[in-house]
Amino acid sequence: MNKILGSITLFYHKLGSYPWFYSISSKLLPISTFLAFMIFLLGIVWGIFYSPSDVTQGEIYRIIYMHVPAASVAQSIYFSLAIAGFVYLVWKMKMAGLFIKAMAPIGASFTILALVSGAIWGQPTWGTWWVWDARLTSTLVLLLFYLAIIGLYSSFDNKKTADQAVSILAMVGAVNLPIIKKSVDWWNTLHQPSSIRIFEESTISSEMLYPLLICILSFYLMVFVFGLMAMRTEIAKREMTKDWFKKMVKKND
Amino acid sequence: MIELFSENFHLLSVCFLTIIILLFNYIWPLIKLNKIKKNLKKIETT
Amino acid sequence: MKQHRKNRIYVILFVGISILISIFLVFSALQENINLFYSPTDLKNNPPVSDKSIRAGGLVKENSLKRDKDSLKIKFEITDLKNTISVSYEGLLPDLFKENKGVVATGYFYSTSNEFIAYEILAKHDENYVPKEVKKALE
């Protein structure tokens, strides 16, 4: 038991070290980029060219293969920001603050993708590209939280104060997540309830569900890749005057 | 395949937007990191 | 765990829980306004008093859809399987507008005649995705 706990603590301390993260991520990146790209290609080609068309919506429902994965990662990234905020506030782990800084723009970009793809989907099917219903509005609030984090960070000169401020903001914004998730059940919305169910049968036929799940998986893998890259860049920004970083650059790492 | 998209301008534009967002997330940190590395090398050589 | 870290966790938990409670209170106060539309039953029980435009939603009742031959005028009924209101509308309809499918109409409700004059019709699609071939096989 103590051995396991010890190795967890060791991993935690390693994770907090910039040089360790910088070198391990450079080893992880090629394989994970390749995997993410191949799985994305598989999911999207399957979804767009080989899955059946929907009986009520025809071909346009295929937007689901980008809309749902984008919305899913947008919320999950925010959840991870809130956890990082908690870790930063309690243990003062520098890497957690850096994580928030690096991930916020990625989360914002996927929220934009979810909102815009939803609007393009809604325009012909619903008859409008936007309504102020609970699901759409709470997703817009998610985007505003991302933008607030990005803005708040850049408004501080001192990195420590900036990390602290965005940690608090990231945690506060997490209350929005269950609201997004449950909005379609709690209130009358134009947006339909979710089709992928965990504890009961999904309401999307399996021929459409499988490529959708692959697309979702590939988006998570891509977020992992983008996250590693953004964090490396942020480490470089903070550590460019340090000797270890200069050595890494000399080795072309 | 061409029919699928010509009938579905909406679908095509979402595909396009997705690719733009993914490329942006991939290329943007690369450019910034390379800039920092280049600057460092310049300082080292001078 | 060190004492000051424990204290920090307590502070965060306390602040977090108070934010949660206040948000819960705000939402329960807003409950009515967060709903995008009223169901026919809502409209029957609490007819809107003002002449402001509102949204009504439900299913388009089967066999209730009547199209005008010479214009874009249509009439149909919205039902929530308990109560029904009749809607009239003139204009283009979204692709997914069909009988037995969800609909949200924006317009004015006249409770005396149980009539709804809509100026915007939105289709609400359900969460079911079924391949065309499967549907054909079932029929």
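In this predicted model, the contact between chains A and C takes 32 residues from chain C and 35 residues from chain A. On the chain C side, the elements that each supply at least two residues are α1 (3-34), β6 (115-124) and α3 (132-138), and α1(C) gives the most, with 9 residues. Sorted by class, the side of chain C that touches chain A is made up of 18 nonpolar, 5 polar and 9 charged residues.

Chain A also meets chain B, with 25 residues of chain A in contact with 23 residues of chain B. The elements of chain A that give two or more residues to this side are α4 (94-125), α8 (206-239) and α9 (243-250). The side of chain A that touches chain B holds 17 nonpolar, 3 polar and 5 charged residues. Which chains share the most contacts among the 2 pairs of chains in contact? They are chains A and C. Chains B and C, by contrast, are joined by no contact, and their closest C-alpha atoms lie 13 Å apart.

Chain B itself has 2 helices and 0 strands, and 17% of its 46 residues count as buried. Chain C has 3 helices and 6 strands, which follow one another along the sequence in the pattern α-α-β-β-β-β-β-β-α. Of the 139 residues in chain C, 27% are buried.

The overall form of chain C can be described with a few further values. Its radius of gyration is 23 Å, whereas a compact globule of 139 residues would have one near 14 Å. Along the principal axes, the C-alpha trace of chain C spans about 80 × 50 × 25 Å. Chain C is divided into domain 1 (1-34) and domain 2 (35-124), and the centres of these two domains, taken over C-alpha atoms, are separated by 41 Å. If one looks at the contacts within chain C between residues at least 6 apart in sequence, 47% of them join residues at least 24 apart.

Two helices of chain A can be set side by side, and the table below gives their spans.

| Helix | Number of residues | Expected span | Distance between end C-alpha atoms |
|---|---|---|---|
| α1(A) | 14 residues | 20 Å | 20 Å |
| α4(A) | 32 residues | 46 Å | 47 Å |

For α1(A), the expected span at 1.5 Å a residue agrees with the distance between its end C-alpha atoms, and the corresponding values for α4(A) agree as well. Are the residues of α4(A) mostly covered or hardly covered? The helix α4(A) is mostly covered, since 25 of its 32 residues are buried, while α1(A) is hardly covered, with a count of 0 buried residues among its 14. The helix α4(A) also carries a kink of about 35° at A:Met103, which comes shortly before the proline A:Pro105. Just after α4(A), the residue A:Gly127 takes a positive phi of about 100°.

In chain C, a positive phi appears at residues that are not glycines. One of them is C:Leu81, with a positive phi of about 75°, and this residue lies in the loop between β3 (73-79) and β4 (84-90) of chain C. Because C:Leu81 has 11 C-beta neighbours inside 10 Å, and a residue with 12 or fewer is exposed, C:Leu81 counts as exposed. Another is C:Asn100, which is not a glycine either and has a positive phi of about 70°. C:Asn100 is found in the loop between β4 and β5 (102-110) of chain C, and it counts as exposed because it has 10 C-beta neighbours inside 10 Å.

The loop between β4 and β5 of chain C also holds C:Phe97. Is C:Phe97 buried or exposed? With 22 C-beta neighbours inside 10 Å, C:Phe97 counts as buried, because the cut-off for a buried residue is 20 or more. Leaving aside residues up to four places away in sequence, C:Phe97 touches C:Val103, C:Ile121 and C:Ala123. C:Phe97 and C:Asp70, for their part, are 27 residues apart in sequence and 20 Å apart in space, taken from C-alpha to C-alpha.

Key
Residues numbered from 1 in each chain as written. Chains lettered and ligands numbered in written order. Predicted model: local features only at pLDDT ≥ 70, side-chain atom pairs only at ≥ 80, totals over all residues. Helix = DSSP H or I, 4+ residues; strand = E, 2+ residues; numbered from the N terminus. Contact = placed C-beta atoms within 7 Å. Nonpolar A, V, L, I, M, F, W, Y, C, P; charged D, E, K, R; others polar. Domains from an automatic or database assignment. Expected span 1.5 Å × (residues − 1). Bend = angle between axes of the 7 residues up to and from the residue. Rg over C-alpha atoms; globule rule 2.2 N^0.38 Å.
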